[in-house]
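Please open the model in your viewer and keep the sequence panel beside it. The tour below goes from one selection to the next and says what to look for at each stop.

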Amino acid sequence: MAVHIGMSWATIINSVRKMTGITGTSRIRTIAYRIIAVLIVVYGVQASFEREMLNKLTIYNPFGWESYDSSMKFLLDHLAIMGIYISGTHYILKFVQKQDKTNFQNKKVH
């Protein structure tokens, strides 16, 4: 699900911009959003280790998803873990699209 959201992230951001009336780009806003994304990813990595996600996903812990903390912490942790994959997918796609564009332009020149 998170990879799918990451693939659609540009569309989601454009829709939010239209709803809020943000038309231009801002270097400061872009930097702030990227810092927030990095913080979410760092917290997501920490949360995935704390919650032993690898063990749960590889069935080393067959007894489930017990949690002794609050529902809000559970939700924030899992949303941050999703943020790892949303951000990763979004930026990998941006990189691939940039490479494709560069390769296409280089082929036109030659």
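What follows is a walk through salt bridges, a backbone angle, two serines and two pockets.

Before selecting anything, note that this is a predicted model, in which local features need pLDDT of at least 70 and side-chain atom pairs count only at pLDDT 80 or more, while totals for chains, interfaces and linings use all residues. Residues are numbered from 1 along each chain as its sequence is written, and side-chain values use heavy atoms, with hydrogens and water left out.

**Stop one: the salt bridges**

Select E50, R51, K73 and D77 and show their side chains, since these residues are linked in a network of salt bridges. The structure holds three salt bridges, a term that here means a side-chain nitrogen of Lys or Arg within 4 Å of a carboxyl oxygen of Asp or Glu. Side chains of opposite charge can pair when their charged atoms come close.

Begin with E50 and K73, whose closest N and O atoms are 3.9 Å apart. This pair links distant parts of the chain, with E50 in helix α3 (residues 27-50) and K73 in helix α5 (residues 71-109), 23 residues apart. Helices in this tour are DSSP runs (H or I, at least four residues), numbered from the N terminus. E50 is partly exposed at a relative accessible area of 48%, and K73 is also partly exposed, at 29%; the cut-offs are under 20% relative accessible area for buried, over 50% for exposed, and partly exposed in between, with a 1.4 Å probe and protein chains only.

Move next to R51 and D77, which form a salt bridge with an N to O distance of 2.8 Å. Here too the pair links distant parts of the chain, 26 residues apart, with R51 in the loop between α3 and α4 (53-57) and D77 in helix α5. R51 counts as buried at 9% relative accessibility, and D77 counts as buried at 1%.

Keep D77 selected and add K73, because the side chains of D77 and K73 meet in a salt bridge as defined above, at 3.2 Å from N to O. Both residues lie in helix α5, four residues apart, about one turn of the helix.

**Stop two: a backbone angle**

Now select E52 in the loop between α3 and α4. What is the phi of E52 near? The value is near 50°, which is positive in a residue other than glycine. Most residues other than glycine have a negative phi. E52 counts as partly exposed, with 43% relative accessibility.

**Stop three: two serines**

Select S87 in helix α5, a residue that is buried at a relative accessible area of 16%. Leaving aside neighbours within four places in sequence, S87 is in contact with A37 and V41, where contact means heavy atoms within 4.5 Å.

Go on to S48 in helix α3, which is buried with a relative accessible area of 17%. Not counting residues up to four places away in sequence, S48 touches M53 and I81.

**Stop four: the pockets**

Keep S48, M53 and I81 selected and add L54 and L57: of the 13 residues that line the second largest pocket, these five are the closest to its centre. A pocket is defined on a 1 Å grid over the protein atoms alone, as an open set of points where a 1.4 Å probe fits, with protein on both sides within 12 Å along at least five of seven lines, and lining residues have an atom within 4 Å of a point.

The volume of the second largest pocket is about 240 Å³, a volume being the space filled by probe spheres set on the points, which are joined across faces, edges and corners. α5 gives the most to this lining, with five residues. By class, the lining has nine nonpolar, three polar and one charged residues; Ala, Val, Leu, Ile, Met, Phe, Trp, Tyr, Cys and Pro count as nonpolar, Asp, Glu, Lys and Arg as charged, and the others, Gly among them, as polar.

Finish at the largest pocket, with a volume of about 970 Å³. Select W9, I13, Y33, H90 and Y91, the closest to its centre of the 29 residues that line it. α1 (2-7), α2 (9-20), α3 and α5 each supply at least two residues of this lining, and α5 gives the most, with ten. The lining of the largest pocket divides into 15 nonpolar, ten polar and four charged residues.
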